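Biologist: I am new to this structure and would be grateful for a close look at one part of it. Please set that part in the context of the whole chain.

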Amino acid sequence: MVRLLRWGMDTATGYTHAKGSVKPKGDSNPASLGQNKGWFAMTERKWLVRFLFLESVAGVPGMVAASVRHLHSLRRLKRDNGWIETLLEEAYNERMHLLTFMKMAEPGRFMKFMILGAQGVFYNGFFLSYLISPRICHRFVGHLEEEAVLTYTRAIAEIDAGNLPKWAKLEAPEIAVRYWNMPEGHRTMRDLLLYIRADEAKHREVNHTLSNLEQNSDPNPFVSEYEDPSKPHPTKGIDNIKPCGWERKEVM
């Protein structure tokens with residue numbers, strides 16, 4: 001399913017990478033796959049189109065999951081154990097990614113139509129799926145976030161390889177500087193992508209972890225207090241981050 005959605009997004013945004021290209025000598029980065037030529041080259045504009053489409057979809061799961069759990073909490077007359085806040089934070093963070101990229105490129109009518117259609121299908125599909133199995137949905141989102149991490153890793157590799165010259169010294173939009181408190185001297189486009197990639201990596205960890213828990217009874221380990229804070233445990237930051245999430249026995 002993730003591969004199918006990846007193919008659809010690649011097609012919609014014109015994304016491609018040279019799978020058979022030769023890497024630069026000494027390059028051990030698995031995301032660096034050489035440089036496309038001609039019409040297939042990923043230009044700065046194509047990357048922005050991909051980012052815009054990606055983030056317009058990425059902001060859906062957190063909001064859907066939070067709204068379902070909110071209504072569930074109201075019906076049961078019980079607390080949600082901290083899940084709703086984290087899911088809303090995820091949705092807000094993804095929307096800030098979108099707003100940042102919109103400061104750099106305005107999508108055309110066709111892209112807006114694509115976003116409208118994708119959001120309508122994905123929102124309703126994810127809503128019904130979350131009602132059936134929240135655990136599978138969180139696992140699914142964890143894998144989607146892995147694809148987002150890979151996308152931003154490849155974009156960063158392209159900048160480092162000199163394939164995106166317009167971004168070499170491009171300053172991040174002011175909205176990004178304020179949101180991430182980007183320090184002086186570290187406000188380039190490459191720095192911005194590093195911040196966003198870290199966000200996506202965190203969302204990957206959060207959703208894989210939530211998928212490992214009891215959906216209706218376990219507290220949110222990312223906002224919990226621990227008896228021994230010196231031991232590794234989930235946090236809101238990128239400390240002790242685990243790409244595949246935390247197992248239930250590690251946090252309960």
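How are α6 and α8 oriented to each other, roughly parallel or roughly antiparallel? Please also describe a residue within this part and what surrounds that residue.

Modeller: The model is a predicted one, and the description below should be read with that in mind. Helices α6 and α8 are roughly antiparallel to each other, because the angle at which they pack is about 160° and angles over 145 degrees are classed in this way. Two packed helices are described by the angle between their axes and by the distance between the axes. For this pair, the axes lie 8 Å apart. Helix α6 covers residues 134-160, while helix α8 covers residues 189-211. The crossing in which α6 passes α8 is left-handed. The residues that form the contact of α6 with α8 comprise 13 nonpolar, eight polar and nine charged ones.

Within α8, Glu-205 merits particular attention. Glu-205 is located in this helix and has a relative accessible area of 0%, so Glu-205 counts as buried, the limit being under 20%. A polar atom of the Glu-205 side chain lies 3.0 Å from the backbone nitrogen of Lys-242. When neighbours within four places in sequence are set aside, the residues in contact with Glu-205 are Phe-222, Asn-240, Ile-241, Lys-242, Gly-245 and Trp-246. Lys-242 therefore appears in both descriptions: among the contacts of Glu-205 and, through its backbone nitrogen, opposite a polar side-chain atom of the buried Glu-205.

As for the wider setting, the protein chain contains nine helices and zero strands. Of its 252 residues, 48% count as buried. Among contacts between residues at least 6 apart in sequence, 74% join residues at least 24 apart.

The loop between α3 (60-76) and α4 (83-102) offers a further point of interest. Most residues other than glycine have a negative phi. Leu-77, however, has a positive phi, near 60°, and Leu-77 lies in this loop. With a relative accessibility of 76%, Leu-77 is exposed, because the cut-off for that class is over 50%. Asn-81 is found in the loop between α3 and α4 as well, and its phi is also positive, at about 60°, although Asn-81 is not a glycine. Asn-81 has a relative accessibility of 34% and therefore counts as partly exposed.

Methods. Residues are numbered from 1 along each chain as its sequence is written. This is a predicted model: local features need pLDDT of at least 70, side-chain atom pairs count only at pLDDT 80 or more; totals for chains, interfaces and linings use all residues. Side-chain values use heavy atoms; hydrogens and water are left out. Helices (H or I, at least four residues) and strands (E, at least two) are DSSP runs, numbered from the N terminus. Buried means under 20% relative accessible area, exposed over 50%, partly exposed in between (1.4 Å probe, protein chains only). A polar contact is a pair of N or O atoms within 3.5 Å; within protein, one must be able to donate a hydrogen and the other to accept it, and residues adjacent in sequence count only if both atoms are side-chain atoms. Contact means heavy atoms within 4.5 Å. Axes are lines fitted to C-alpha atoms, for helices over the stretch in contact, and angles run from 0 to 180 degrees between N-to-C directions. Angles under 35 degrees count as roughly parallel, over 145 as roughly antiparallel, 65 to 115 as roughly perpendicular and the rest as oblique. A crossing is left-handed if the near helix is turned anticlockwise from the far one by less than a right angle, and right-handed if clockwise. Ala, Val, Leu, Ile, Met, Phe, Trp, Tyr, Cys and Pro count as nonpolar, Asp, Glu, Lys and Arg as charged, and the others, Gly among them, as polar.
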